[in-house]
Structure formats: structure tokens, C-alpha cells
Amino acid sequence: NPAIGARPSVRFDGQHALELDLGFAVGADYTVLAVNGRDRVGFANFWLAGDRVGINENLVLGYERPDLLRQSHFGNDLDAVVENYAGTEVWSLDTYTFDRVAGKDIYHNGVPSATDNSTGALISNTGTTLGHFRAIPIYWFQGDLAEVIVFDRALSAAERLRVETQLAGKYGFPVQLDSYVPCNGPWTDHAHYVRE
């Protein structure tokens, strides 16, 4: 689906999802970045979720409401109030971090938007998909994903800013990052960040 910055994205239409294995996140730190476009008025418009219903057994990322971004371990929810979806697709660069010492953080378009010191790590994370939440009942994501990057650790502030800066430039986001970190190396594509 042609989308943001004249680059392709994957359109989720409320009927299809992509299976993922994010088992590494059990008991561990993580950072997830997503270039996403929400295209629905409604609740539970999550673009990433698993299939469990127990506390700390399901990593859930996306929009609880048209104006509320959520990072959840199924319970221990962290919410960030963001611009409302009102009928025209809204593109965002969202970053979610979890650190077993510091807790959770959400950055929306490069701006710190929510934080808490909840350090309850995932004790399970099965049946993860891009495209729907299928625990109780099934809620389908309606929108687009242009890029999702997952790290098996909590990135430092400098690392996070480098990746956000690269994604903002790649997709033409007019975002105001909380500070600029110059890239001192061959930072030419997201694969370089993944290897780091």
C-alpha cells in the first residue's frame, strides 16, 4: 500500500494478521519502534498482541482508543494521550521501551509521552501477531505498518534517538525529536541498527 513518504506499507484490513515469535521478550528488556498509520474510530486498535489473558502474559502495543496509545503486558498498562483519529489516517512514529530496572516508556513522534516505574516483566508471550489482538475477543488492527523494529534490550537514550532520527528522515516525518544525536558512522539503513 503506497503510504507515508512515498514508501510502501502493509495495509491491515481487519481480516489478516502476521504471526511473530517474540518469545525472547519473556523476562527480558525490549525496545519496539513502529511507523504506523491508524485508520479507524474505535477501541482496541492494537497492531501487535499475543493470545494470553493473564497478567504479564501478553505484550500488547497500539491504540486502546482513537486518542490513547497503550503499552501493556496485559495489565500493568502504560497509556499516552495522543492526537485523536477523526476520519483521516494518522501516521505516527511510536517507540516503546521496557527496562526491568527502570520500567516502561512511550515516545510518540520522538516526544516522551508516558513513563512509569512498573518493572513487572513478561512471564509469557505466545501467539504474537501483527494485525490483531486475539485473546478476548478478537480485535483487528485497521491501518498500516510501514516498519517495525524490535530490539532484545532497552536502548539507551542516544541509541533510541539515532534510530528515531533515521526513521523520521526515511519516512519524512515532521517530528520534533527530544534532542538530536549526530550519527558518527555508516548509519544508512535500519539493518545497521538491528546488527548493533
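In the predicted model, Leu61 has Gln71 of strand E6 as its bridge partner. This contact belongs to the pairing of strand E5 (residues 60-65) with E6, in which the two strands run antiparallel and are joined by 5 bridges, and the connection between E5 and E6 is a hairpin of 2 residues. Strand E6 also pairs with strand E7 (residues 78-81), again in an antiparallel arrangement, through 4 bridges, and here Leu68 stands opposite Val81 of E7. The hairpin of E6 and E7 has 5 residues between the strands, and within this hairpin Phe74 adopts a positive phi near 60°.

Strand E6 (residues 68-72) is largely enclosed by the rest of the structure, because 5 of its 5 residues are buried. The burial extends to both faces of E6, with Leu68, Arg70 and Ser72 covered on one side and Leu69 and Gln71 covered on the other. Gln71, the bridge partner of Leu61, is therefore among the residues of a strand that is buried in 5 of 5 positions.

Phe74, the residue with positive phi in the hairpin of E6 and E7, also takes part in an aromatic cluster, which it forms together with Phe46, Phe133 and Tyr139. Across the whole structure, a search finds 6 aromatic pairs. One of these is formed by Phe46 and Phe133, whose rings are tilted, with 5.8 Å from centre to centre and 50° between the planes. This pair links distant parts of the chain, since Phe46 lies in strand E4 (residues 45-49) and Phe133 in strand E12 (residues 132-133), 87 residues apart. With buried taken as under 20% relative accessible area, Phe46 falls in that class because its relative accessibility is 6%, and Phe133 is likewise buried, with a relative accessible area of 7%.

A further contact with an aromatic ring involves Arg160, which lies over the face of Tyr107 at 3.5 Å from the ring centre. Arg160 is one of the buried residues of helix H1, a group that also includes Leu161, Arg162, Val163, Glu164, Thr165, Gln166, Leu167, Ala168 and Tyr171. Helix H1 (residues 157-171) comprises 15 residues and reaches 21 Å from its first C-alpha to its last, which is close to the 21 Å expected at 1.5 Å a residue. The residue that follows H1 is Gly172, and its phi is positive, near 70°.

Notes
Residues numbered from 1 in each chain as written. Predicted model: local features only at pLDDT ≥ 70, side-chain atom pairs only at ≥ 80, totals over all residues. Heavy atoms only, no water. Phe/Tyr/Trp six-rings, centres within 6.5 Å; stacked < 30°, edge-to-face > 60°. Buried < 20%, exposed > 50% of the residue type's maximum accessible area, 1.4 Å probe, protein only. Lys NZ or Arg CZ within 6 Å of the ring centre and 35° of its normal. Pairing = 2+ DSSP bridges. Expected span 1.5 Å × (residues − 1).
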